[in-house]
Amino acid sequence: MKAELSCPADHIPINENQVRLNALVVFLLSLTFLFVSHWIIPFFLAVDFYLRGFGFGGYSPINRLSGWIVKIASIPNKPIDRAPKQFAAQLGFFISDILLIAVVVELKSISYAIAGLLLLFAFLESALSFCAGCHVYSFLKKFFPRLAE
């Protein structure tokens with residue numbers, strides 16, 4: 001039996017191309033973290049994911065950079081529902097918080113594994129338009145049915 005995939009929806013369109021650029025920046029920052037292991041990177045990611053995940057996307061440095069690139073490069077608008085990407089940003093906030101804690105308490109192996117997870121999710125979104133957040137959301141809905149309300 002195949003698992004049913006579902007995503008949150010709010011029917012507010014955003015530009016998928018800009019979202020994928022956001023993910024590319026997260027990918028590059030996560031990759032950079034694997035080489036420099038400085039706390040400022042997960043801190044920056046946590047703040048940025050918070051802004052994008054909890055309704056302050058206009059203040060997100062990554063989102064602003066991606067919007068500027070879209071405008072300058074004349075990348076076309078490709079509408080997609082905002083809610084799944086907002087949920088994915090909330091998930092990114094949670095993951096980057098755990099990464100920041102692991103870095104602060106000097107759990108190097110765990111911090112690399114968590115950064116690898118961010119790297120994977122960001123790669124899937126940026127390169128393949130695969131939203132890992134929708135899969136996590138579908139999984140969580142089984143245990144927390146109120147998510148769907």
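For my notes on residue classes, Ala, Val, Leu, Ile, Met, Phe, Trp, Tyr, Cys and Pro count as nonpolar, Asp, Glu, Lys and Arg as charged, and the others, Gly among them, as polar. The model is a predicted one, in which local features need pLDDT of at least 70 and side-chain atom pairs count only at pLDDT 80 or more, while totals for chains, interfaces and linings use all residues. Residues are numbered from 1 along each chain as its sequence is written, and side-chain values use heavy atoms, with hydrogens and water left out.

Entry on the pocket. I looked up the largest pocket (an open set of points on a 1 Å grid over the protein atoms alone, where a 1.4 Å probe fits, with protein on both sides within 12 Å along at least five of seven lines), and I noted 30 lining residues, with Val19, Arg52, Lys85, Ala88 and Ala89 nearest its centre. A lining residue has an atom within 4 Å of a point. By class I recorded 16 nonpolar, 10 polar and 4 charged residues in this lining. The largest share, 8 residues, is given by α4, where helices are DSSP runs (H or I) of at least four residues, numbered from the N terminus.

Entry on the helix pair. I then turned to α1 and α5, which pack at an angle of about 150 degrees with their axes 8 Å apart; angles run from 0 to 180 degrees between N-to-C directions, and axes are lines fitted to C-alpha atoms over the stretch in contact. The angle makes α1 roughly antiparallel to α5, a term for angles over 145 degrees. Their contact (heavy atoms within 4.5 Å) includes Val19, Arg20 and Phe27 of α1 and Tyr112, Phe123 and Glu125 of α5.

Terms used. Helix = DSSP H or I, 4+ residues; strand = E, 2+ residues; numbered from the N terminus. Parallel < 35°, antiparallel > 145°, perpendicular 65-115°, else oblique.
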